[in-house]
Structures are given as C-alpha cells and as structure tokens.
Amino acid sequence: MVCLGNICRSPLAHGIMEQMAKDKGLDWEVESAGTGNWHVGEPPDKRSIRTAREHGIDISNQICRLFKISDFDTYDHIFVMDKSNLSDILAKARNKEDAKKVKLLLGDKIVPDPYYDDAQFEPVFKLIEAGCKEIFKELR
C-alpha cells in the first residue's frame, strides 16, 4: 500500500487489509510505504490512528518508510492511492513484471489525501475499506 507520506492513506490501507486477512485466517504479508521521505521513522498520523481504532484496527505500531526498489521483489501486488503515486512507483519499475504489480487501490479512481481536512479521514477510511474488500475478493 503506497501513498505520498505514508502517514494517512497507506497506513489505513495496510491496517484494513491486514485485518481482513487475519480475520480470514490468511497469512498475508501486508506493508505500506510512501513516495516522499518527510515522515520516515514516524508513526502514522494521529487522525489515521484514531479513525482506524474507531473501526477496531490498531495501526499505532506502524512506522513510516519509503518505497524501495526491492519491494517489487518482496510483494506480489503494489496498490497506490492516487495517480501521482502511480507515476512515481511506475517510474521505479525495472521491467514490465515490476510494472504489472502496480495498480490504483480503487481501480480507476483515486483515494483523496485527507491530510489537510480532519473531516475527510472517515470518508477516506470507507473508500479504502471498500477498495480492500474488492481486492480481497479478487485475490482470494
């Protein structure tokens, strides 16, 4: 799961997908990363932590990190939140196999960044949750 700073959207997506897999008894490795380095080493935004917690998901132990080229080797699927993230990650792809792993989380729609609007964290959670449910159906 990839967004810009790895503090708002991708930690939520990470937590939601990880919880869905855990609830189904699946041993999936889910991770999140950012394309920008402003928050490396920090926990998710407290508003994301609070929103996730309100839905029974604990993301407070996640640590922000940058997307690495080796993530193409580690993960089968790389879901990004918006078209800017899509361009950034595709630019890092070494080959067609890497590029095939990268998709927008919501198919052809973007997940808006809630960073500048506290009221957007809940709607963004719901969008991500719906996207994760669709992905979960496809991957199971």
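**Exercise 1. Place Asn6 in the chain and say whether Asn6 is buried or exposed.**

Step 1: Asn6 sits in the loop between β1 (2–3) and α1; helices (H or I, at least four residues) and strands (E, at least two) are DSSP runs, numbered from the N terminus. Residues count from 1 along each chain as its sequence is written. Keep in mind that this is a predicted model, where local features need pLDDT of at least 70, side-chain atom pairs count only at pLDDT 80 or more, and totals for chains, interfaces and linings use all residues, while side-chain values use heavy atoms, leaving out hydrogens and water.

Step 2: Check the backbone: Asn6 isn't a glycine, yet has a positive phi of about 60°.

Step 3: With a relative accessible area of 2%, Asn6 is buried (under 20% relative accessible area; exposed is over 50%, partly exposed in between; 1.4 Å probe, protein chains only).

**Exercise 2. Find what Cys132 touches, leaving aside its neighbours within four places in sequence.**

Step 1: Contact means heavy atoms within 4.5 Å.

Step 2: On that basis, Cys132 is in contact with Met1, Ala13, Ile16, Met17, Met20 and Leu105.

**Exercise 3. Describe how α1 passes α6.**

Step 1: Their axes come within 9 Å and cross at roughly 45° (lines fitted to C-alpha atoms, for helices over the stretch in contact; angles run from 0 to 180 degrees between N-to-C directions).

Step 2: So α1 is oblique to α6 (under 35 degrees is roughly parallel, over 145 roughly antiparallel, 65 to 115 roughly perpendicular, the rest oblique).

Step 3: Among the residues that meet are Leu12 and Ile16 in α1, and Ile128 and Cys132 in α6.

Methods. Left-handed = near helix turned anticlockwise from the far one by under 90°.
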